[in-house]
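Please open the structure in your viewer and keep the sequence beside it, since this tour moves from one selection to the next.

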Amino acid sequence: MSNADQRDLHRRNEHLTFRANMGAGRHGWLRLTPAYGVRLVRERIGDLSGRAVVTDPFSGTGTTPLAAAELGHFGQSVDVNPFLIWLGTVKTSHYPPDIRDALSTVALDVSAQAKSLLPEYDLWQPSLHNIERWWSAGNLRALCAIRTAIDSVATEPEHRNLLDIALCRTLIARSNAAFNHQSMSFKDSPATPPLFSIDESGETLSAFAKEAASLGESASYDLLGNGKIVQGDSREKMADLEPCDLLITSPPYVNRMSYIRELRPYMYWLRFLDIASDAGDLDWKAIGGTWGTATSKLHAWKPETVTPIEDAMEPVCAKIRADGGKNGPLLATYVHKYFHDMWLHFRSAADHVKPGGKASYIVGNSTFYGHTVPAEQWYAAMMKEAGFETVTVTTIRKRNSNRALFEYDVSGTKPA
């Protein structure tokens, strides 16, 4: 196969991204950009037998533990973000057989109460900066009414959790945010913001009712296995998780993309965030995070250990430092810290995978000021140094954002 044919094949492999999850039952409940697709995870899990234990040390939206539970295995994951822990737990929960009808009844009560609250002007709303940029007056009023009604009506935890998912889906669908790029952006706003519209509010209430009905339908199909999502740091020993047969994950890429930035609307409306600085503090705890106050903390960062890729990494960081202008030194430090943190993780992962078990990392390379950061090569080197054998790098697909960017599967086996 020619190089051109290979690039075209990789470009067509969009079934391996989150886009393939949309509409796929629980996997399509909420989006997170970027994320890998359930089909890829199922392919990797497909060879497991019995009750296998599958771990994702970077939980994200819970794709891996949910896929494992769907196939009758035990899926577990860890994350530093409490919202993602909540989301993964909701997606991997077992719901009673009558959840569809029960949720429909509660959703009708929530919608009726929310409609009665529309004339109110003092409803709670999140302290999201420049919230009027996100939603028009009519949409915002309806979302505030739905939030208040859920708080009042949904007394059963499983009902409240699913209705909170419905609220999240509605607030994104009715927002001015656009997801037609790798990162979230905003649609063009009119020069003069429209006044409050009762019709617009009614459309938002109707959208919420439809989302709730869809969630009740997909939640009614039970899982064959089980899932568990815990709060923790994958750079440390994962003591709260069972040793696994397969570790599969798509960790944060070395591209300075903030997951907190993408998750802010959900986290504010569900009260996981209230103060803007909290977002930066949480992003600093995550590998690769540089949102808000995390950037200033990066200036003062110092490594606590030496990685096995220092000789390969330093020349690349030096080029980024030299060619990046005033931001060059900061981004060179970012790259260094990212792989420093991943080295800490690989050492932890080597202890967590059972003898004979496998580890698979779905990761992309990156470029800074024209200089390629070969994450797949450095991952492979660190995995070997951590104790994994038969480490291989397989190209999965061409990424749309840049002709030099690809996604890879870096895999290895723990010695038996």
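How many residues does helix H15 have, and how far does helix H15 reach from its first C-alpha to its last? Select residues 375-386 and you will find twelve residues spanning 16 Å, which is close to the 16 Å expected at 1.5 Å a residue, where the expected span is 1.5 Å times one less than the number of residues. Helices (H or I, at least four residues) and strands (E, at least two) are DSSP runs, numbered from the N terminus.

Before going further, note that this is a predicted model, in which local features need pLDDT of at least 70 and side-chain atom pairs count only at pLDDT 80 or more, while totals for chains, interfaces and linings use all residues. Residues are numbered from 1 along each chain as its sequence is written, and side-chain values use heavy atoms, with hydrogens and water left out.

**The whole chain**

Show the full chain, whose secondary structure comes to 15 helices and eleven strands. Of its 416 residues, 53% are buried, a word that here means under 20% relative accessible area, with exposed meaning over 50% and partly exposed in between (1.4 Å probe, protein chains only).

**Helix H15 and its neighbours**

Return to H15 and colour Ala375, Glu376, Trp378, Tyr379, Ala380, Met382, Met383 and Ala386, which are buried. The buried residues of H15 pack against several elements, including helix H13 (310-323), helix H14 (328-352) and strand S10 (389-398); contact means heavy atoms within 4.5 Å. Just after H15, click on Gly387, whose phi is positive, near 120°.

Now add H14, which packs with H15 at an angle of about 35°, the axes being 9 Å apart. Axes are lines fitted to C-alpha atoms, for helices over the stretch in contact, and angles run from 0 to 180 degrees between N-to-C directions. On the H14 side the contact includes Val335, Tyr338, Phe339 and Trp343, and on the H15 side Trp378, Tyr379 and Met382 are among the residues involved. By class, this contact has 13 nonpolar, no polar and two charged residues, where Ala, Val, Leu, Ile, Met, Phe, Trp, Tyr, Cys and Pro count as nonpolar, Asp, Glu, Lys and Arg as charged, and the others, Gly among them, as polar.

While H14 is on screen, select His336, which lies in this helix. Is His336 buried or exposed? His336 is buried, with a relative accessible area of 19%, and, leaving aside its neighbours within four places in sequence, His336 is in contact with Trp301, Pro303, Glu310, Met313 and Cys317.

**Helices H5 and H9**

Next, select residues 99-117 (H5) and 198-219 (H9), whose axes come within 9 Å and cross at roughly 165°. H5 and H9 are therefore roughly antiparallel to each other. Among the residues that make this contact are Leu103, Ala107 and Val110 of H5, together with Leu205, Phe208 and Ala212 of H9.

**Helix H4 and Gly88**

Finally, select helix H4 (residues 82-91), which is mostly covered, with eight of its ten residues buried. The buried residues of H4 pack against elements that include helix H3 (63-70), strand S2 (74-79) and strand S5 (226-231).

Within H4, pick out Gly88, which counts as buried at 0% relative accessibility. Which residue has its C-alpha 6.3 Å from that of Gly88, although the two are 141 residues apart along the chain? That residue is Ile229, and, apart from neighbours within four places in sequence, Gly88 is in contact with Thr61, Gly62 and Ile229.

Notes: Parallel < 35°, antiparallel > 145°, perpendicular 65-115°, else oblique.
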